[in-house]
Amino acid sequence: VANDAQLALLLEGSDRLEAVGTARRILDEARSGHLYASGGVAQTLTMSVGIASVALPAKNFPAADLHEAAKRCLFAVQSCGGDSVTSIDIY
């Protein structure tokens, strides 16, 4: 039974490359079988990750813009079959 879940993380102080590296390590763990679904039952886990980053946000930077960009990246990954990472820098 497919069960989709969503989780958003804010990695303060991490740039785009660091965030992508973190996401790839998490994906590698999921693929290696070290992560388990609820109840400790081993299942094949797949993850789709969309990352948006901003290097130097202005004081009035709308956080919703960052969230929307990450959602667009997530949609792009899912549209291509999922179980991958895509990212974008926004200015």
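Leaving aside its neighbours within four places in sequence, with which residues is serine 87 in contact? In this predicted model, the residues that serine 87 touches are Arg16, Val20, Ile51 and Cys73. Serine 87 itself lies in strand S2, which comprises residues 85-89. Its relative accessibility is 17%, and serine 87 therefore counts as buried, the cut-off being under 20%. With one of these partners, arginine 16, the side chain of serine 87 forms a polar contact of 2.7 Å.

A second partner, valine 20, leads into the nonpolar interior. When residues up to four places away in sequence are not counted, valine 20 touches Ile51 and Val85 as well as Ser87. Valine 20, Ile51 and Val85 belong to the largest nonpolar core, a set of seven residues that also includes Ala19, Ala23, Leu27 and Val49. Helix H1 (16-32) and strand S1 (49-53) each supply at least two residues of this core, and the largest share, four residues, comes from H1. A second core, separate from this one, has five residues, among them Leu66, Ala69, Ala70 and Ile90.

Helix H2, formed by residues 63-79, can be checked against the expected geometry of a helix. At 1.5 Å a residue, its 17 residues should span 24 Å; the end C-alpha atoms of H2 are 25 Å apart, which agrees. The buried residues of H2 are Leu66, Ala69, Ala70, Cys73, Leu74 and Val77. Because they cover an arc of only 140 degrees around the axis, these residues lie on the same side of H2. The cover over them includes strands S1 and S2. On the face of H2 turned away from this buried side are the exposed residues Arg72 and Phe75. After H2 comes glycine 81, which has a positive phi, near 105 degrees.

Cysteine 73 connects this helix with the opening question, being both a buried residue of H2 and a contact of serine 87. How do cysteine 73 and cysteine 80 stand with respect to burial: buried or exposed? Cysteine 73 has a relative accessible area of 7% and is therefore buried, whereas cysteine 80, at 71% relative accessibility, counts as exposed. A disulfide is a covalent bond between the sulfur atoms of two cysteines. With a cut-off of 2.5 Å between cysteine sulfur atoms, the count of disulfides in the model comes to zero.

Note on methods: Residues are numbered from 1 along each chain as its sequence is written. This is a predicted model: local features need pLDDT of at least 70, side-chain atom pairs count only at pLDDT 80 or more; totals for chains, interfaces and linings use all residues. Side-chain values use heavy atoms; hydrogens and water are left out. Buried means under 20% relative accessible area, exposed over 50%, partly exposed in between (1.4 Å probe, protein chains only). A polar contact is a pair of N or O atoms within 3.5 Å; within protein, one must be able to donate a hydrogen and the other to accept it, and residues adjacent in sequence count only if both atoms are side-chain atoms. Contact means heavy atoms within 4.5 Å. A nonpolar core is a set of buried Ala, Val, Leu, Ile, Met, Phe, Trp, Tyr and Cys residues joined through side-chain atoms within 4.5 Å. The expected span of a helix is 1.5 Å times one less than its number of residues. The arc is that of the directions from the helix axis to the C-beta atoms.
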